[in-house]
Structure formats: structure tokens, C-alpha cells
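Please work through the exercises below with the sequence and the coordinates open beside the text. Each exercise sets a task and then gives a solution in steps.

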Amino acid sequence: MTQADTTMAAELSAEEEAILKEVGYSDPTSRGATTVLVDHALRLTRSEHEGVEVMSIQDALMRYDWVQDLMFSLVEPDENELLRQASELLQDPIGHFLYVHPGAKVSAPLQSFTVMERPQERQFTHNITVIGEGADVEMISGSAVPARVHAGHHVSIEEAFIGKGARCRSISIEHWGSRMSVDSYARTKVDDGAEVTTNQIMLSSIKRSVSDTQMFIGADARCSDQAIIFAPSGTERVFNTQTTLLAPGARSESIARMVSAGGTITNNALLIGAAEHTNGFLGCDGLLLSSDGEITATPALRAKSAEAVLSHEASVGMIDRDKLTYLMASGLSEDRARDLIVQGFLSLKDDYIPAGLRQRVTEMIASAQSGGM
Amino acid sequence: MLDVDHMTVAIGDAILLADISLTVPAGETHVLLGPNGSGKSTFLSAIMGLEPFELTAGTIRFRGIDLAGLGVSERAQHGIGMAFQRPPSIEGVSVAEFAAAVGGADRLAHGAELLDLEAFVDRDVAVGFSGGEIKRWEVLKLFLQKPDFFLFDEPESGVDMEHISAVGMAINELVAEPGPDGAKRGALLITHTGLILDYVNADQAHIMNGGRIIHSGPPKELFAHIQASGYVAPG
């Protein structure tokens, strides 16, 4: 497979590039590989690394007979009505297939984005990612709409397969329209000895977003995921996660940091220790910026082995008045003091978030707090 | 510079400080001495405008401006800064980020070196700091904030002997440096142990007891008197 085989180089418009840069897009020549899906078609697929293939899901199904065995292997189409509809609609599936060859070490991040340009659109996507055994990659993904698009419905299915001993660090940033509904289903199978770090950043106003994530972690594999969830007034976010430690030595740490500025956030997290010598932690911390909002955090643990070590912490509260006063006594305005406390609460300086994106995320929080998003 | 005139401070119906008057001229450092519960920290908190303390009578003027009705931020923006006795932890905000937020990033390296806190610049503010480190941080904070008038609430308490001199010298440097317009700065400092008096260039001391200032005089003389006779006015 050569680079030319997997490149579809339609140009993005200046507007498309601008809105995608807001969620982490960079010039494709600076990335290991790029996919951009606009409405119902993959507009751009390009690989800069010989160990990475990107193509449409239709092409992948025709090219590799094993892809059909992966599709819907982690997501059950009969799980609910929406998935059933999606599976029936996907006669001609829309989405990307990203394949990192076994052993490939890709220093430049792989990037993939979804754009919805038509108002009131109903968009179904299905992406499959395969990271080969021993590969090492960093991934950036995002979703965006132009400012003129407020309403619509996006349904996505993501199935990811992380090979034995592979390392994968990913960050995803969403920025949908303020009256949109989004249902996303993400399933990740992490093979033995792999290391996976994921970060999800959900900050923009949205009518309703339901995120349903499941991870299945193999022997001696490690997963660390962090979600930063913001709900301005008028936004409802439901965040369901299930992490299953399948085999001895599997470890996970999941942390959700939620901030409501008048919106509603529901976080249901379930950690399952399905084998001996597994170790997992759930952290759910919520910060209410106004009493109009609501945060429900429900961490749950299920041990199927006496030697599974599982723990959780959960907290929800308002901004600490003492901290606010302290910062104001240092000369900050109340708004600036609140921003700083919220940014600290969300731990934006974590190494998980690429430095280039950190400033942008900080700006998004300030904008979201002031009602600008 | 700071003029407190017949000030009474209360929380609800409980009067904590009664009829206190005190003036700190520009360029001077004054010291408040008093036993536990005498009202020293309440006095500083009332000047800073911290809740839940209420000014129920009298006035506090800073450079002629009546502070009544001004919030904490406004008082800070007018040039008053306070080293807290027990600051809250600000999780997720590093010392360096705090410095940037208050506009003091360019002063961080020097202040941190002076107070032996170079290793703390990437640590979260007051998270996991020992008692002495917190006190040094609070002085460093004022280096970053650079107010014109400093309120120090027991800056040497919990600080090991090696670092008390560093704290004292830092305080001297803060107060001695003229403001941007060349104006002199000033300070009011609470001390319990008196150890800091060996290092700080204090001009005047006041004994506070029972919510009142009962005597004023030269700092070292007054402290020697307290060591001999307790927190009472010299006969």
C-alpha cells in the first residue's frame, strides 16, 4: 500500500478549514494522516506515513475482507432503536477506516474530523480504527459546524481495535450547533499489553448530547481516560461509560470533570473488574457555577473477582467562596477569578492535552461561561 | 497612607473590634502584637474587606479613599494586598499560572529565588505545601501582585529558622521598593512570636488586646516589654 492509494485530496474551503482549526485541525502535511468527513461524504483522506492507511469505510470493506468482521463487532445493532436504524441505513456506510500497520511508529498525530454543513441535517457515520500490534500513535479528532448551522441530528458509531502492545494517545474536541442533538457510540477493544490514553473535551452549547462509551481492556493493558464536560444554560449532556477489565493485569483510570453553568450533566460510569489482579479507578467531579444547573454523578463498581481492586470518588459542589475571595484579594475580578478556578478544576495543564490545543480550550471555556458558544 | 479612624467591626450582633484608630504613614512598616483572639487577624481582614466582617462604625481610608462599600477586588485594585494566614488550596492552578493571571510573571523568578521557592513554580497554589511553605508562598504572592500596601498575617509562623530571615528580607524589599509613580509603600504586620522583628525594618508597634489597641511604641522595646510583662500597656 502506498500513500497515493489512500489519498483523496479534495480541497477544503477556507470556512471549513477555519472551523476545523477551532477543534484541532492542522495542515495535512504536518499530520501523519488526515480524514475529513463533510455531511455525507469523505471530503479528504490523506496519509503522510507509509505505515498508515486511511480510506472510506466502503473502500475498506471492498479492499480487506476482514473489515466486514470488525464492523458491528463491538456495537450491537439491536442495542436500541437508534442503532438499529443506523445499521439499516448504512447500506452505503459513511465513515472512515484508519489502519495503522503493526509496528508503525508515527510521530505526527493522525487527525480525523466530521463537519455538518447543512442545517437540520440527519447525519449517520461509522468509523473503524485499527491500531496494529506494537504500533505507536497520537490521534486528534473533532467535530464542527459552521456558525450558521444550529440544528440537526448527528449519530456516530466508532469501533476501535488497539493491538497487542500498541500505544495510542487521543484527544477529541466537539463543537456542534447549539440546538443540535448528538448520539455517539464508541467502543474500544484494547488488546493485551496495550496502553491507551483518551481525552474528550465537550464544551459547546448543544441541545442534547448522549455519549455512550465502552472499553474492553485485555491482560496487562492500561487505559487512562479523561473527560472534560461543560454545560452552559440550555445544554443537556448525558455521558455513559462502561469500562471492563477483562483479564489479569488490566488497569484503568477514568476521570470525568464536569462543569455546569446552568445546563444539565448526567454521568453514569460503570467499572467492571471481570478478572483477578485487575485495578481500576473512577473519578467523577462536578462543579456547579449556578444553582440553575444540575449535575448527577453516578459511579458504580462491579467486581467479578475477589482480587479485583476497584475504587471511585465523586463530588459535586459550587465554587468555593474562600477560593474566590482569595483570588479577588489578589486583584482579580470576580469573573477572572471564576475562570481561573474553573480552568484549574478542569486541569487543563495536564500533559494529556497537546500544548497547542490548551490555549484554545481555555478560550472556549471563557467563551462558554460568558454565553458566547 | 492607611488611616483607620474609630473603627468598629462586627459579625452580626457580635462586636469584635471597638473604636480602633491607627495610622500607617507611607514608607513605614507597623507591627501588631497581641495574644490569641485579641482581634489582630480580624483587623487585617476588615481592612481587606473579607467576609463576614462588617464595618459598623468609623472609617478606613487608604490614600484618602474611603474603603467603605468597596469589595475585596476593588480594595486590591486600589493597591492593598494581604498575605493570608491560612490560604485555600487552588487545585489545578500552578504558581506560574497564578503569576501570569495577576500580571506578575516577570517577578516570579526573583521572588521565588529570594524565598527559596524555585521548585514550587510548577506546583499548584498551596496544594500540599507545609505550614512554612505556605507562609513563604504568601509573601511570594505579594511579590507577584505588587500592591502598594501590605498586610502580613503572622508571616513567620511555622517557618523554619533558616527561612525566617529570607521572609524578613523579602518583606523589607517589598516595602522599600517605590511604587510605579515613585510613591512609598507601607505595611502592617502581625507577629505572634516576634522572631520576624530581628529581620524586618519595623517603625512602630501596637499592642492589641480585647479588640482594642491599648498601646503603641518602638517595636523592639514593646516586644521586650511583652516578653517581661505580657500583653498589657507599660505602666
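The exercises that follow concern a predicted model, and they go from chain A as a whole to a pair of helices and then to backbone details of chain B.

**Exercise 1. Describe the overall make-up of chain A: how many helices and strands does chain A have, and which domains does the domain assignment give?**

Solution. Begin with the secondary structure, where chain A shows 7 helices and 20 strands. Next, divide the chain according to the domain assignment, which gives domain 1 as 1-174, domain 2 as 207-318 and domain 3 as 322-373. The C-alpha centres of domain 1 and domain 2 of chain A are separated by 25 Å. Then turn to burial, for which 59% of the 373 residues of chain A count as buried. Finally, consider the contacts in chain A with a separation of 6 or more, of which 84% are between residues 24 or more positions apart.

**Exercise 2. Classify the packing of helices α5 and α6 of chain A, and state which residues meet.**

Solution. Two packed helices are described by the angle between their axes and the distance between the axes. For α5 (residues 321-328) and α6 (residues 334-345) of chain A, the angle is about 125° and the axes are 9 Å apart. Since roughly perpendicular covers 65 to 115 degrees and roughly antiparallel begins over 145, α5(A) is therefore oblique to α6(A). The crossing of α5(A) with α6(A) is right-handed. On the α5(A) side the contact involves R321(A), K323(A), L324(A), L327(A) and M328(A), which meet E334(A), A337(A), R338(A), L340(A) and I341(A) of α6(A). Sorting the residues of this contact by class yields 6 nonpolar, no polar and 4 charged.

**Exercise 3. Locate the cis peptide bond that involves P52(B), and place P52(B) in the secondary structure.**

Solution. Most residues other than glycine have a negative phi, and most peptide bonds are trans. The bond joining E51(B) and P52(B), however, is cis, with omega at about 5°. As for its setting, P52(B) belongs to the loop between α1 (40-48) and β4 (54-62) of chain B.

**Exercise 4. For H6(B) and E154(B), give phi and the surroundings, and decide for each whether it is buried, partly exposed or exposed.**

Solution. Take H6(B) to begin with: its phi is near 50°, a positive value in a residue other than glycine, and H6(B) sits in strand β1 (residues 2-11) of chain B. With a relative accessible area of 44%, H6(B) is partly exposed, because that class lies between 20% and 50%. For E154(B), phi is likewise positive, near 50°, but E154(B) lies in the loop between β9 (149-153) and α6 (161-176) of chain B. The relative accessible area of E154(B) is 11%, so E154(B) is buried.

Note on methods:
Residues numbered from 1 in each chain as written. Chains lettered and ligands numbered in written order. Predicted model: local features only at pLDDT ≥ 70, side-chain atom pairs only at ≥ 80, totals over all residues. Heavy atoms only, no water. Axes fitted to C-alpha atoms, helices over the stretch in contact; angles between N-to-C directions. Helix = DSSP H or I, 4+ residues; strand = E, 2+ residues; numbered from the N terminus. Parallel < 35°, antiparallel > 145°, perpendicular 65-115°, else oblique. Left-handed = near helix turned anticlockwise from the far one by under 90°. Contact = heavy atoms within 4.5 Å. Nonpolar A, V, L, I, M, F, W, Y, C, P; charged D, E, K, R; others polar. Domains from an automatic or database assignment. Buried < 20%, exposed > 50% of the residue type's maximum accessible area, 1.4 Å probe, protein only.
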